[in-house]
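Good morning, everyone, and thank you for making room for me today. I would like to walk through one protein model with you, slowly, going from the whole chain down to a few single residues.

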Amino acid sequence: MTIATEVKRVVELGTGATKTFYFNAPVELLDDLAVYTFDTTTNTGTLQVRGGGGTYDYTMSINSSTKYATITLNTNLPTTHRVIIVRAIDITQQVDYVEGDPFPAETHEGALDKLTLIATMLSEQIDRSLKVAITSATVTSIELAEPEAGRALIWNSTGSGLINGPNSTDIANAQTNAAAANQSAIDAAAAAQTATNIQNQLS
């Protein structure tokens, strides 16, 4: 087949009245898609199971002509949820070419199709990742510090990597100290003005 439709992901809000959703791009195998639901009231995402018995687990069929997929949840998706459908293709190469054999055009095309679908899957993942602007002078990898609970990330002194910075308490204290410093500055300015007024009166 040819890959003329670049659908990277499908995101749809529930209506409470439907449990069927569509991935209108070629899909080869039933295991080549992953289906997630997201509860907007709890900000919780869940990977659903194909053939499972959970509330929003699902069944899936692939159209033999278009190769498009239809996903049917076990339960109508409520308006408090959204469904996310993405590719989840195993990155493998199982085509074995034997020297001297006739060229297997159909098999070769299938291998190229899989590579294209893998590229689309990776492109979707890259689209969701943090990246520096294309105009940035930073072209080398940006390393992260080892995660440390509760700490913010800040750029290091050379701007070449991210290090662990202040925690939430440090930030809260900084805000409190900044407010106190601002009030001190206001009080000092008022005192200076009072001193100036007294000096003018004595003069």
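I will begin with the overall layout, and then turn to a helix, a sheet and some individual residues.

Please keep in mind throughout that this is a predicted model. The secondary structure of the protein comes to 2 helices and 10 strands, and if you follow the chain from the N terminus, the elements run β-β-β-β-β-β-β-α-β-β-β-α. The radius of gyration is 29 Å, whereas the globule rule gives 17 Å for 203 residues, so the protein is more spread out than a compact globule. You can set beside that the box which the C-alpha atoms fill along the principal axes, roughly 110 × 50 × 30 Å. Of the 203 residues, 21% count as buried, and the accessible surface comes to about 13700 Å², with 55% of that surface belonging to carbon and sulfur atoms. Among the contacts with a separation of 6 or more, 57% are between residues 24 or more positions apart.

Let me turn to helix 1, which covers residues 105–127 and so has 23 residues. From its first C-alpha to its last, helix 1 reaches 33 Å, which is close to the 33 Å expected at 1.5 Å a residue. Which residues of helix 1 are buried? They are Ala111, Asp113, Leu117, Ile118, Thr120, Met121, Ser123 and Glu124. As a general point for reading such a list, an α-helix has 3.6 residues a turn, so residues three or four places apart point the same way. The cover over the buried residues of helix 1 includes strand 1, residues 9–13, and strand 7, residues 81–87.

Next, the sheet towards the later part of our tour. It is an open sheet of 3 strands in the order 8-10-9, and its pairing is mixed. Strand 8 and strand 9 are the edge strands, each of them pairing on one side only. In general, strands of a sheet pair through backbone hydrogen bonds, either parallel or antiparallel. Strand 8, residues 143–144, runs parallel to strand 10, residues 161–167, and 2 bridges join them; here Glu143 stands opposite Gly161. Strand 9, residues 151–155, pairs with strand 10 in the antiparallel sense, over 4 bridges, and along this pairing Trp155 stands opposite Leu162, while Arg151 stands opposite Asn167. The hairpin of strand 9 and strand 10 has 5 residues between the strands, and within this hairpin Gly159 takes a positive phi near 70 degrees.

Staying in strand 10, let us look at Asn164. Is Asn164 exposed or buried? With a relative accessible area of 24%, Asn164 is partly exposed. Its C-alpha is 4.9 Å from that of Leu153, although the two residues are 11 apart in sequence. Leaving out residues up to four places away in sequence, Asn164 touches Ala145, Glu146, Glu148, Arg151, Ala152 and Leu153. Two of these neighbours deserve a second look: a polar atom of the Asn164 side chain lies 2.9 Å from the backbone oxygen of Glu146, and the Asn164 side chain also makes a polar contact of 3.5 Å with the side chain of Glu148.

For a contrasting residue, please find Thr37, which lies in strand 3, residues 33–39. Thr37 has a relative accessible area of 4%, and because buried means under 20%, Thr37 counts as buried. The side chains of Thr37 and Gln48 are joined by a polar contact of 2.6 Å. Beyond neighbours within four places in sequence, the residues in contact with Thr37 include Tyr56, Leu77, Arg82 and Val83.

Finally, a word on backbone angles. Most residues other than glycine have a negative phi. Asn43, in the loop between strand 3 and strand 4, has a positive phi near 55 degrees, and with a relative accessible area of 60% Asn43 is exposed. Lys67, in the loop between strand 5 and strand 6, has a positive phi near 70 degrees, and Lys67 counts as partly exposed at 26% relative accessibility.

That is the end of my tour, and I am happy to go back to any part of it with you.

Conventions:
Residues numbered from 1 in each chain as written. Predicted model: local features only at pLDDT ≥ 70, side-chain atom pairs only at ≥ 80, totals over all residues. Heavy atoms only, no water. Pairing = 2+ DSSP bridges. Buried < 20%, exposed > 50% of the residue type's maximum accessible area, 1.4 Å probe, protein only. Polar contact = N/O pair within 3.5 Å; in protein donor to acceptor, adjacent residues only side chain to side chain. Contact = heavy atoms within 4.5 Å. Expected span 1.5 Å × (residues − 1). Rg over C-alpha atoms; globule rule 2.2 N^0.38 Å. Areas by Shrake-Rupley, 256 points an atom, 1.4 Å probe, with all protein chains shown as cover.
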